[in-house]
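Dear colleague,

Please find below the structure we discussed, together with its sequence. My notes on what was found in it follow directly after.

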Amino acid sequence: MKQTNQPTLIEDTPDIHGYSEDNITNTIIHGNTLNVLGKMKENSVDMVFVDPPYFLQLPPKKLKRWNARTTVEAVDDEWDNFASFADYDDFIQELMTKVQRVMKPSATVWLISTYHSLFRIGKIMQDCGFWILNDVIWVKTNPMPNWLGVRFTNATENLIWAAKDRNHEKYTFNKDYAKSFGIGKVGANVWVLPICTGKERLKDVEGNKLHSTQKPIELLKRVILTSTNENDLILDPVAGTGTTGFVAKALNRRYCMIEFNERYVKGMMKRFEENPIIEKEPKVSEEKTIEYFREKNHKLY
Ligand SMILES: C[S@@+](CC[C@H](N)C(=O)[O-])C[C@H]1O[C@@H](n2cnc3c(N)ncnc32)[C@H](O)[C@@H]1O
């Protein structure tokens with residue numbers, strides 16, 4: 001059994017035919033996730049976090065802000081491009097089928113998305129047989145404004161939380177922890193927290209964002225502490241900057257991060273050199289939450 005929780009970098013190549021649980025423990029695997037997942041052992045991971053391409057379908061031009069010289073920093077990365085909805089659906093279907101195969105019967109999966117693809121992904125997941133436990137609405141306290149003023153500001157992302165299938169075994173739900181940050185006395189499925197900014201945001205050598213969609217540590221902390229126990233094996237098959245593994249490592253969980261973009265893999269390796277202390281206590285500001293919902297003096301009830 002691997003003792004260290006520092007990552008091993010694995011280059012996935014055609015001559016690697018299989019990965020045991022020990023092989024993938026505390027690793028960053030550089031390769032196409034559809035190939036790598038196919039080589040992993042069935043029923044081997046305890047939790048999966050999936051933050052897939054959104055397929056934002058932005059027009060092939062820079063988005064200019066009206067009355068301003070600046071351009072909108074949009075997600076226009078190559079990895080987010082698909083030829084059609086059909087191609088996108090095929091990718092999600094293959095990804096989620098392969099994810100399901102490697103989940104233990106007691107494992108759960110979290111999938112995060114926006115309105116651009118959430119509804120198609122939900123259908124695909126249900127058709128694959130996943131058993132949906134919750135959707136969690138992440139309300140962003142600092143969303144990207146709607147510059148053109150032609151629709152509401154999109155201030156939410158949704159997480160789908162699901163068990164492997166209808167006949168799943170008992171999964172982990174640390175309910176007291178969950179109640180400590182869900183809204184209201186019942187700990188409802190609404191999480192209010194900011195997007196990743198400031199020092200937490202990884203930069204490249206030119207000082208630009210390393211990744212357009214890096215997720216906040218606080219979000220992953222809530223996911224991990226709610227649905228796993230120490231030493232569980234957590235998989236992120238589309239890891240980006242590896243936020244999932246970075247938080248898992250700090251919270252004494254095992255992790256396997258898969259990513260095909262070399263720049264992000266390098267960024268992840270560097271990020272993982274750090275050994276941050278992540279307080280288990282959720283960062284919740286009752287005041288900020290109430291203030292947020294009371295903006296413009298609207299009363300909640
Ligand atoms: C939405 S981002 C994930 C961001 C991540 N949660 C974070 O906090 O940085 C999706 C990532 O999936 C990667 N990706 C997309 N298709 C992939 C594939 N077939 N194999 C491996 N990685 C893939 C992209 O390069 C991108 O970094």
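The buried residues of helix 7 pack against five elements: strand 3 (45–50), helix 6 (217–227), strand 8 (233–236), strand 9 (254–259) and helix 8 (262–271). Please bear in mind throughout that this is a predicted model. Helix 7 covers residues 243–250, and since eight of its eight residues are buried, it is largely enclosed by the rest of the structure. The buried residues are Thr243, Thr244, Gly245, Phe246, Val247, Ala248, Lys249 and Ala250; a lysine is thus included among them. After helix 7 comes asparagine 252, which has a positive phi, near 60°.

One of the packing partners, helix 6, can be described in further detail. The axes of helix 6 and helix 7 come within 9 Å and cross at roughly 60°, which makes helix 6 oblique to helix 7. Their crossing is right-handed. On the side of helix 6, the contact involves Ile217, Leu220, Lys221 and Ile224, and these meet Thr243, Thr244, Val247 and Ala248 of helix 7. By character, the residues of this contact divide into five nonpolar, two polar and one charged.

Helix 7 also bears on the ligand. Thr243, a buried residue of helix 7, is among the residues that come nearest to the ligand, along with Val238, Gly240, Thr241 and Phe260. There are 19 residues around the ligand, and they divide into seven nonpolar, nine polar and three charged. Helix 2 (33–39) and strand 9 each supply at least two residues of this shell. Strand 9 is also one of the elements against which the buried residues of helix 7 pack.

Three individual residues may be of interest to you.

Valine 102 lies in helix 3, which spans residues 85–102. Valine 102 is buried, because 26 other C-beta atoms lie within 10 Å. Leaving aside neighbours within four places in sequence, valine 102 is in contact with Leu37, Met40, Lys41, Glu42, Ser44, Val45 and Leu235. Of these partners, leucine 235 is 133 residues away in sequence, yet the two C-alpha atoms are 9.5 Å apart in space.

Phenylalanine 181 is found in the loop between helix 5 (175–179) and strand 7 (190–192). With 21 C-beta neighbours inside 10 Å, phenylalanine 181 also counts as buried. Apart from neighbours within four places in sequence, its contacts are Trp191, Arg222, Pro282 and Val284. The C-alpha atom of phenylalanine 181 is separated by 8.0 Å from that of lysine 283, although the two residues are 102 apart along the chain.

Asparagine 146 is located in the loop between strand 5 (131–139) and strand 6 (156–163). Is asparagine 146 buried or exposed? With 12 other C-beta atoms within 10 Å, asparagine 146 is exposed. When neighbours within four places in sequence are set aside, asparagine 146 is in contact with Arg151, Phe152, Thr153 and Asn154.

Finally, a few totals for the protein chain. The chain has nine helices and nine strands. Of its 301 residues, 35% are buried. Among contacts with a separation of 6 or more, 66% are between residues 24 or more positions apart.

With kind regards

Notes
Residues are numbered from 1 along each chain as its sequence is written. This is a predicted model: local features need pLDDT of at least 70, side-chain atom pairs count only at pLDDT 80 or more; totals for chains, interfaces and linings use all residues. A residue is buried if 20 or more other C-beta atoms lie within 10 Å of its own, exposed if 12 or fewer, and partly exposed in between; C-beta atoms are placed from the backbone. Helices (H or I, at least four residues) and strands (E, at least two) are DSSP runs, numbered from the N terminus. Two residues are in contact if their C-beta atoms, placed from the backbone, lie within 7 Å. A residue is near a molecule or strand if its C-beta atom, placed from the backbone, lies within 6 Å of it. Ala, Val, Leu, Ile, Met, Phe, Trp, Tyr, Cys and Pro count as nonpolar, Asp, Glu, Lys and Arg as charged, and the others, Gly among them, as polar. Axes are lines fitted to C-alpha atoms, for helices over the stretch in contact, and angles run from 0 to 180 degrees between N-to-C directions. Angles under 35 degrees count as roughly parallel, over 145 as roughly antiparallel, 65 to 115 as roughly perpendicular and the rest as oblique. A crossing is left-handed if the near helix is turned anticlockwise from the far one by less than a right angle, and right-handed if clockwise.
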